[in-house]
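Colleague: I am new to this structure and would be grateful for a close look at one part of it. Please take the salt bridges and their surroundings.

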Amino acid sequence: QRKILAILWMSPIYAITSWFSLVFPNAEGYLAIIKDAYEAYVIYTFLSFCIAVLGKGDRGAVVDLLAKHADHLTPPFRLFFCCQRDPYENDHHLADAILLQCQFFAMQFVFFRPVTTIAK
C-alpha cells in the first residue's frame, strides 16, 4: 500500500508545485527540482511495485515469469551489438538480462532527472 500511495501522491504534488510556481515565479526553479525529484522517485517506486506484484516481492519469480514468454522478448541493447554474439544460453538468462536493463534504466532516470533539472 505504501508504494501505491507514493504513486498516487504524484498528482497533488504536481498540482501544489505548479500552483506555487504561479504564485511565486521566483521560486519556480526550486519547485521544479522538487517536482522532478519526486517524479524520479515515483518511477523507481512503480518499478518496485511491478516487481512486488508480479513476483510477490521475489525478483527471481519475475524472471521466471518473463522467461515463460521469452518468444516475445527482444534482447537488451548492448554497446557494439554488431560485434558480439548472443550470450544468452537459455530463456532464463535472457529474461534476467531484460529485467536488469529495466532496473538499470529506471535507476539512471532516478539519478539523472534531478541533475538535469538543476543544470537548467
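Is Arg 59 buried, partly exposed or exposed?

Modeller: The model is a predicted one. Arg 59 has a relative accessible area of 27% and is therefore partly exposed, since the partly exposed class lies between the 20% limit for buried residues and the 50% limit for exposed ones. The side chain of Arg 59 forms a salt bridge with that of Asp 96, with N and O 2.6 Å apart. This pair connects distant parts of the chain, for Arg 59 belongs to helix H4 (residues 59–68) and Asp 96 to helix H5, 37 residues apart. Asp 96 is likewise partly exposed, because its relative accessible area is 28%.

In the whole structure, a search finds three salt bridges. Beyond the pair just described, Asp 36, Glu 39 and Arg 113 are joined into one network by salt bridges that share partners.

Within this network, the side chains of Asp 36 and Arg 113 meet in a salt bridge at 3.2 Å, N to O. Here too, distant parts of the chain are linked: Asp 36 is in helix H3 (residues 28–55) and Arg 113 is in helix H5, 77 residues apart. Arg 113 also forms a salt bridge with Glu 39, where the closest N and O atoms are 3.6 Å apart. Glu 39 lies in helix H3 and Arg 113 in helix H5, so this pair ties together parts that are 74 residues apart in sequence.

The three residues of the network can also be described by their accessibility. Asp 36 has a relative accessibility of 4% and therefore counts as buried. Glu 39 is buried as well, because its relative accessible area is 18%, and the limit for that class is under 20%. Arg 113, at 29% relative accessibility, counts as partly exposed.

One further residue, Thr 117, touches on this network. Thr 117 lies in helix H5, which spans residues 91–119. The side chain of Thr 117 reaches the backbone oxygen of Arg 113 at 3.0 Å. Apart from neighbours within four places in sequence, Thr 117 is in contact with Ala 32, Ile 33 and Asp 36. With a relative accessible area of 7%, Thr 117 is buried.

Taken together, Arg 113 forms salt bridges with Asp 36 and with Glu 39, while its backbone oxygen is reached by the side chain of Thr 117. The salt bridge between Asp 96 and Arg 59 links helix H5 to helix H4.

Terms used: Residues numbered from 1 in each chain as written. Predicted model: local features only at pLDDT ≥ 70, side-chain atom pairs only at ≥ 80, totals over all residues. Heavy atoms only, no water. Helix = DSSP H or I, 4+ residues; strand = E, 2+ residues; numbered from the N terminus. Buried < 20%, exposed > 50% of the residue type's maximum accessible area, 1.4 Å probe, protein only. Polar contact = N/O pair within 3.5 Å; in protein donor to acceptor, adjacent residues only side chain to side chain. Contact = heavy atoms within 4.5 Å. Salt bridge = Lys/Arg side-chain N within 4 Å of Asp/Glu carboxyl O.
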